Amino acid sequence: MGATHLRAIKVRTGREGIEIVSRTRLKVNEKNPKAVCRIIARALEKAGGPGQTVGVAAAAQLSADSRMVLNSPNYGWRNFDFATMLEETLGTRVIVDNDINAAAVAEAEYGAGRGFKSVLTVLLGSGIGAGLVLDGNLYRGATGVAGEIGHVKIRGPRSRRCGCGQRGCLEAYVGGINLAARLREDLERGVDSSLQEMFRDDPSRISTALMEKAALSGDRYAKRIWGQVAGMLGDSLANAVTVLNPDVLILGGGGFLHCPHLRDHVGTRVKERALSACGLVLNVRTAELGDDAGALGAAFLADKEHGVKLKRRYV
Ligand SMILES: [Zn+2]
């Protein structure tokens, strides 16, 4: 479930592993929970029926048992038993999880982390989030919000405000929305940069990919900001690697996928800055499953809950 669209896949599991039987994508133009449940039902019908179990990956903060949506900024839902309402609509068992957790599970099982036991997946997009698969299991934490790396503090309490309400969070500096806002402020202040010409007429076109292009073309301002973003990301992820000691760090999401230079820079910096016993053995990889990751992870979690142990292969 994204902010404006939902993607449904039907999977079959067998000796070959997990196989995607069908895919469909529908626009979500409603915020009312019942209407959204009906859109999900329609998507599942288009994908070939709801199957034995349904897994949903949602960009939302969920309760520890993953039944309640505690906060979904995309839909404006708060403290609402989404899993039960969807089960009543579909007439089948429903498993809900956070979209980043689901993507992290899919990458660990079928993507860049397959074959490893401890996998840290970090997705950089409009915000930044992480999912932890530790010793082969998804780690949710005491209240279900483990992996919120966007809200580790990199600046003091008087610095830039983050969407979470606090100040100085990593996301306030490197998340796509906040980074674009920072650039707009600098351009309005008249900073000397080729970006002025590029975005003067339409500042909403600012993107991380264009930022990287400007930095590589030698624009001094873009180079400085890009170096800062890589440093902040590299050090924050190095700290996470030092604490968790994963086998693999997977970098994904549009911010990393469209900016190979940033990705390489961050990967190198993490290996250098993590405690050497963690950094030297760390594999840094790029996410492999793209737009399928969230839905595949949701399917995996739903099947696991249902008692089926899926084979680690994605066909
Ligand atoms: Zn924050």
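How far apart do the C-alpha centres of domain 1 and domain 2 lie? Keep that in mind as you load the model, which is a predicted one. The answer is 27 Å.

**Stop 1: the two domains**

Colour domain 1, residues 5-99 + 291-305, in one shade and domain 2, residues 112-287, in another. Now look at where they meet: 6 residues of domain 1 are in contact with 5 residues of domain 2. On the domain 1 side, the touching residues split into 3 nonpolar, 3 polar and no charged.

**Stop 2: the five-stranded sheet**

Select S8 to S12 next. They form an open sheet of 5 strands in the order S10-S9-S8-S11-S12, with mixed pairing. Strand S10 (137-139) and strand S12 (283-286) are the edges; each has a single partner strand, so one side of each has no neighbour in the sheet. Looking across the sheet, you'll find a twist that averages 25 degrees from one strand to the next.

Zoom in on the S10 edge. Here strand S9 (residues 128-134) pairs with S10 in the antiparallel sense, over 3 bridges. To see one of the bridge pairs, pick Leu132 and look across to Tyr139 in S10.

**Stop 3: helices on the sheet**

Bring up helix H3, residues 99-110. H3 packs on the sheet and touches strand S8 (119-124), S9, S10 and strand S11 (248-252). Its direction makes about 50 degrees with that of S9. Then add helix H8, residues 220-244, which also packs on the sheet, touching S8, S9 and S11. The direction of H8 makes about 160 degrees with that of S8.

**Stop 4: the core**

Which residues have the most contacts inside the largest nonpolar core? Select Val122 and Leu249: those are the two, in a core of 89 residues. H8 gives this core its largest share, 10 residues. Both domains take part too, with at least three residues drawn from each of domain 1 and domain 2.

Stay on Val122 and show its surroundings. Leaving aside neighbours within four places in sequence, Val122 is in contact with Ile128, Ala130, Ile149, Leu237, Leu249 and Leu251. That fits a general pattern: in soluble globular proteins, nonpolar side chains tend to be buried together.

**Stop 5: Met211**

Jump to helix H7, residues 208-216, and pick Met211. Buried or exposed? Met211 is buried, because 24 C-beta neighbours lie inside 10 Å and 20 are enough to count. Beyond the residues within four places in sequence, Met211 is in contact with Ala222 and Trp226. For a sense of scale, draw a C-alpha to C-alpha distance from Met211 to Arg140: the two are 34 Å apart in space and 71 residues apart in sequence.

**Stop 6: the three-stranded sheet**

Now select S4, S5 and S6. This open sheet of 3 strands runs in the order S4-S5-S6, with antiparallel pairing. Its edges are strand S4 (61-62) and strand S6 (77-80), each pairing on one side only. S4 meets strand S5 (residues 69-72) over 2 bridges, and Leu62 stands opposite Val69 in S5.

**Stop 7: two positive phi angles**

Follow the loop between S4 and S5 to Ser66. Ser66 is not a glycine, yet it has a positive phi of about 60 degrees. Ser66 is buried, with 20 other C-beta atoms within 10 Å.

For the last pick, go to Asn245, in the loop between H8 and S11. Here again is a non-glycine with a positive phi, this one about 50 degrees. Asn245 counts as partly exposed, with 17 C-beta neighbours inside 10 Å.

Technical notes
Residues are numbered from 1 along each chain as its sequence is written. This is a predicted model: local features need pLDDT of at least 70, side-chain atom pairs count only at pLDDT 80 or more; totals for chains, interfaces and linings use all residues. Helices (H or I, at least four residues) and strands (E, at least two) are DSSP runs, numbered from the N terminus. A residue is buried if 20 or more other C-beta atoms lie within 10 Å of its own, exposed if 12 or fewer, and partly exposed in between; C-beta atoms are placed from the backbone. Two residues are in contact if their C-beta atoms, placed from the backbone, lie within 7 Å. Two strands pair if DSSP finds at least two bridges between them. Axes are lines fitted to C-alpha atoms, for helices over the stretch in contact, and angles run from 0 to 180 degrees between N-to-C directions. Domain bounds come from an automatic or database domain assignment. Ala, Val, Leu, Ile, Met, Phe, Trp, Tyr, Cys and Pro count as nonpolar, Asp, Glu, Lys and Arg as charged, and the others, Gly among them, as polar. A nonpolar core is a set of buried Ala, Val, Leu, Ile, Met, Phe, Trp, Tyr and Cys residues joined through C-beta atoms within 7 Å.
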